[in-house]
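Me: I am new to this structure and would like a close look at a single part of it. Could you start there and then show me around the rest?

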Amino acid sequence: MNSTNKSWVTLSLLLLVIFIASWQLISMVLKNLPGPMPVAKTAYFFLSDPFYDNGPNDKGIGILALYSIGRLSVGFIAGSFVAIVLGVILGLNQTLYKAVNPYIQVLRAISPIAWMPLLLYSVQNSNATALLVVFMASVWPTLANTAFGVSNIKRDYISVSNILQIHPVSKVFRVILPGAGPTIVAGLRISMGSAWVAIVPAEALLGSLGLGYFVWNEWNNLSLTSVIFAILIIGLVGVLIDQLFNALARRLAYVD
Amino acid sequence: MCINCKTDNDLSKCSSGLRDAYDPKVSLEHCSSMNTGHDHVAALETQESVIDRVVENAVIKAIFGGNDVSRRNFMKLVGASTAMSVLSSIFPMDAAKAWAKEAPGSLEKKDLKIGFIPITCATPIIMADPMKMYEKYGLSGTKVVKAAGWAMIRDWAVSKQVDCAHMLSPMPLAITMGVGSTAMPFYMPAIENINGQAITLHVKHKAVKEPKDMRGFTFSVPFDYSMHNMLLRYYLAEGGVDPDKEVKIRVLPPPEMVANLKAENVDGYLSPDPFNQRAVYEGVGFIFKLTRDLWPGHPCCAFAASKDFATEMPNSFKAVLMAIVDATFYSHDPANRKEISKAIAPRNYLNQPEEVVEQVLTGSFPDGLGNMRNEPDRIDFNPFPWNSMAVWILTQMKRWGYVKGDVDYKKIAEEVFLASECGEAMKKLGYPVPTTTYEKHVIMGKTFDPDKPEEYLKSFTISRS
C-alpha cells in the first residue's frame with residue numbers, strides 16, 4: 001500500500017515537471033506566450049501582498065478571490081436549497097417527476113452565461129445578475145440528482161418508515177435525505193463545478209470585482225503573464241472547493 | 001467697512017438680519033442705526049458665517065418676542081458670552097446652524113459613482129480622481145469605476161448603478177431617443193476630448209493609401225453609436241467605399257482590438273487610444289490616419305448623466321460638472337500632460353504602460369512606419385458641447401439607418417447637449433464662453449451647416465436614408 005502511494009506521488013510530480021518543461025519549450029517557440037519564469041515572477045508580485053487595496057478598480061488577488069468565493073457561496077447556497085426542496089418533491093412523486101424531467105434536462109443544457117443578458121435586462125443590477133448566474137448554474141445538476149436519488153431510495157427503507165408511522169417531515173430528514181445523501185452530494189459537487197466555471201466569465205462580462213474582473217483587467221493591458229497567473233489561481237481555488245465536497249461525500253457515504 | 005451700506009443702497013440688504021444679535025449696541029430693527037452701529041457690523045465674508053448669523057438672530061428674536069429693547073437690555077446685563085452659552089444650553093444652536101447650511105445650495109450626494117472605460121478619452125474623468133478634482137468641489141468619496149465596454153456602461157447608467165458616466169458623444173442622443181437601448185432622457189453637459197482617435201491598420205497593409213485600397217477589409221469600432229463608427233463610415237464613403245457592402249465593420253470592446261489585430265481577425269480599426277498606440281508598441285499595427293485629419297476638433301467622448309440625476313440632485317450635478325470642466329481644461333494644457341499620464345496609467349485606472357499613455361497625451365509618438373511624429377493636438381480636451389456637433393451626429397445616425405423617419409435635429413441636440421450649463425461652469429472658472437451653440441464644421445473639406453441638416457444628408461451618394 002505504502003509503495004503504491006509513493007509511486008503515484010512520484011508520477012504526479014514527474015507529470016508536473018514534464019508540463020513545466022514543455023511549457024517552457026513552447027514559450028520559446030511561440031514568442032507571444034510567456035514562459036513559466038515570467039509567470040512565476042508575476043505570481044510572486046501578486047502573492048507577496050494579496051490583500052492590498054488601491055481603490056475601487058485595483059485590489060489584491062486575495063480580496064478578489066474572496067469576492068468571487070462570496071458570490072459563489074451566496075448563489076450556490078440559494079440555488080442548492082431550491083434544488084434540494086424541488087428535487088425531494090419530484091423524487092417522491094413519480095408522475096410529476098416524469099412530467100417535469102424533460103424540462104429540467106433542457107434547462108440544464110443551457111450555459112448559465114447565456115442567461116446573463118436576459119437577467120441583466122430584467123434585474124437591472126450587475127451584482128444581482130452575477131449572483132443569479134451562479135444560482136442558475138447551481139440549480140439543475142443538484143435538482144436532477146436529488147430527484148433521481150430520492151426516487152431510487154430502496155423501497156424497503158420507505159416501507160419500514162411507513163410501518164413505523166414516522167411523521168412525514170421527520171421521514172424526509174431521517175430517511176429520504178440521508179438515503180439520497182450521496183447522490184445529492186454528487187449533484188452538489190457538479191453544481192459547484194459549473195457555478196465556479198460560470199462565475200469567471202460572468203464577472204468579466206459584468207465588471208463585478210472578482211477573479212473574472214482580474215482576468216479582464218489584465219487582458220486589457222495584454223498582460224498574458226497575469227492572465228495565466230489568474231488561470232492558475234482559479235484552478236487552485238476550484239480544487240480546494242472540490243476537496244470540501246470530497247470530505248462531505250465521505251461523511252455521508254453509507255453501505256446498504 | 002460695511003459692505004451693506006457703503007456699497008449698496010438697497011434697503012432690503014440694509015435690514016437688520018446680519019447684525020450681531022449678541023451685541024447690545026446694535027439694533028436688529030432699524031436700518032438707520034446702521035450709522036452708529038457701523039463698526040460693530042462685521043463684514044461677513046463667507047456664506048457659512050452669514051448663515052450662522054441669520055440663525056442666531058432668528059432664534060434670539062424669537063426668544064425676546066421681537067422686542068429689541070429688552071434684548072439689548074438683557075445683553076448689556078449678562079454680556080454676550082454668557083448669553084451665548086445660556087442660549088446654546090436651551091436651544092440647539094449648532095444643530096440649527098448645521099441644518100440651515102444643509103438647505104438650498106448644498107450637495108445632495110457627495111460620494112458619487114462615475115463609470116469609465118479605460119481609454120485616454122476619459123482622461124479628465126479619470127485624472128479628477130487621483131488629482132483630487134472631485135474633492136475640490138466638495139464631492140469627497142466620489143469613486144470612478146471601470147467598465148469593460150460601452151454596452152456595460154450604458155446598462156450601468158440606465159439602471160442607475162452609477163450616477164454619471166463616461167460615454168461616447170452619440171450615446172446620450174441614442175439613449176434619449178431609445179435607439180439601441182431603453183429610452184431614457186440623458187444629459188451631456190460636457191465633451192471630454194476632441195480628436196484623439198486614429199485608424200490603425202495591420203502592419204501587413206503598409207501599402208494601403210486610400211479607402212479604395214481597403215475594399216474587403218474587416219474593421220472594428222468600439223460601438224455602433226460612436227464617433228468612431230460615424231467617422232470610419234464617413235471616411236470610407238468619401239473615398240467611394242460603401243461601409244455596409246464593401247467592408248465589414250464589427251463592434252469590439254477597445255481592449256480586445258489589439259489582440260484581434262494580432263490574431264489578424266481584423267485588418268484594422270478606428271478606435272480610441274491608447275489602443276492605436278498600443279498596436280504600434282506591440283509591433284502589430286501602424287497609425288494610418290489620425291481622426292484629427294478627418295475633422296479637426298471633432299468631439300469624441302463625453303460626460304453624461306441621466307436627466308433624473310440632474311433634476312433630483314441639481315447641486316451635485318453642478319458640482320461634478322464644475323470638477324469635470326476644471327479637469328478638462330487642466331488636461332487641455334500641454335504642460336500638464338506628462339503628470340496626467342503618470343497619474344492615470346496605473347492598474348486602478350487605464351492599466352497601460354505609462355510610456356504608451358504619454359505618447360498619446362503628449363502627441364510625440366512613433367507611428368509604426370518608422371517615423372517619430374510630433375502632433376501636439378493629436379488629442380485635445382475641450383468641454384463645450386456644441387449643439388451643431390449633436391446635429392451632425394444625428395445626420396449620420398440617420399444616414400446609416402440607425403434612426404428612421406423625421407428627426408427634430410435641433411430639439412434633440414439642445415435637450416441632450418447642455419451647452420448653457422457647460423458655459424456657466426466655464427464662466428465660473430474664468431474661461432471664455434462661445435456666444436453661440438451652433439457653428440459650421442468642416443469634415444474632410446466638406447462644410448456642414450447645422451441649419452440645413454436634411455440638405456446635407458441628401459448630398460451624400462452613399463447613404464441608407
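What does B:E264 count as, and at what relative accessibility?

Reply: Happy to help! Please keep in mind throughout that this is a predicted model. At a relative accessibility of 44%, B:E264 counts as partly exposed, because a residue must be under 20% to be buried and over 50% to be exposed. You will find B:E264 in chain B, in the loop that runs between α10 (254-262) and β9. Its backbone deserves a look too: B:E264 is not a glycine, yet its phi is positive, at about 60°. As background, most residues other than glycine have a negative phi, and most peptide bonds are trans.

Follow the chain onward from that loop and you come to β9 (268-272), then to another loop, which leads to α11 (275-281) and holds B:P274. The peptide bond between B:D273 and B:P274 is cis, with omega at about 15°.

Let us look at some other positive phi values in chain B. B:K132 is a residue other than glycine with a positive phi, near 60°. It belongs to the loop between α5 (123-127) and α6 (133-136) of chain B. With a relative accessible area of 47%, B:K132 is partly exposed. B:K160, which comes just after α7(B), has a positive phi of about 60°. The helix before it, α7 (residues 150-158) of chain B, is mostly covered, with seven of its nine residues buried. Among those buried residues are B:W150, B:W156 and B:R154.

Now for a pair of helices in chain B. The axes of α14 (residues 337-344) and α15 (residues 354-362) of chain B come within 9 Å, and they cross at roughly 145°. This crossing of α14(B) and α15(B) is right-handed. On the α14(B) side, the contact is made by B:R337, B:K338, B:I340, B:S341, B:K342 and B:I344, while α15(B) brings B:E354, B:V357, B:E358, B:L361 and B:T362. Sorted by class, the contact between α14(B) and α15(B) has five charged, four nonpolar and two polar residues.

Aromatic rings are another feature to explore. Over all chains, a search of the whole structure finds 20 aromatic pairs. One of them is in chain A: the ring centres of A:F19 and A:W23 are 5.9 Å apart and the planes stand at 40°, so this pair is tilted. Both A:F19 and A:W23 lie in helix α1 (residues 2-29) of chain A, four residues apart, which is about one turn of the helix. In general, an α-helix has 3.6 residues a turn, so residues three or four places apart point the same way. The two partners differ in how covered they are: A:W23 counts as buried at 15% relative accessibility, whereas A:F19 is partly exposed at 49%.

Back in chain B, ring pairs link B:Y234, B:W295, B:W392, B:F448, B:Y456 and B:F460 into a cluster. One member of that cluster, B:F460, has the charged end of B:R399 sitting over its ring, 3.7 Å from the ring centre. Elsewhere, the charged end of B:K410 sits over the ring of B:Y438, at 4.4 Å from its centre.

Finally, let us step back and view each chain as a whole. Chain B has 19 helices and 16 strands, and chain A has 10 helices and zero strands. Of the 465 residues in chain B, 57% are buried; of the 256 residues in chain A, 43% are. Counting contacts with a separation of 6 or more, residues 24 or more positions apart account for 75% in chain B and for 69% in chain A. Along its principal axes, the C-alpha trace of chain A spans about 70 × 60 × 30 Å. To get a feel for distances in chain A, try A:I110 and A:N162, which are 52 residues apart in sequence and 39 Å apart in space, C-alpha to C-alpha. A:I110 itself lies in the loop between α4 (94-109) and α5 (116-123) of chain A. Like B:E264, where we began, A:I110 is partly exposed, with a relative accessible area of 32%.

How values were computed. Residues are numbered from 1 along each chain as its sequence is written. Chains are lettered from A and ligands numbered from 1 in the order in which they are written. This is a predicted model: local features need pLDDT of at least 70, side-chain atom pairs count only at pLDDT 80 or more; totals for chains, interfaces and linings use all residues. Side-chain values use heavy atoms; hydrogens and water are left out. Axes are lines fitted to C-alpha atoms, for helices over the stretch in contact, and angles run from 0 to 180 degrees between N-to-C directions. Helices (H or I, at least four residues) and strands (E, at least two) are DSSP runs, numbered from the N terminus. A crossing is left-handed if the near helix is turned anticlockwise from the far one by less than a right angle, and right-handed if clockwise. Contact means heavy atoms within 4.5 Å. Ala, Val, Leu, Ile, Met, Phe, Trp, Tyr, Cys and Pro count as nonpolar, Asp, Glu, Lys and Arg as charged, and the others, Gly among them, as polar. Rings of Phe, Tyr and Trp (its six-membered ring) pair if their centres lie within 6.5 Å; planes under 30 degrees apart count as stacked, over 60 as edge-to-face and the rest as tilted. Buried means under 20% relative accessible area, exposed over 50%, partly exposed in between (1.4 Å probe, protein chains only). A charge sits over a ring if NZ of Lys or CZ of Arg is within 6 Å of the ring centre and within 35 degrees of the ring normal.
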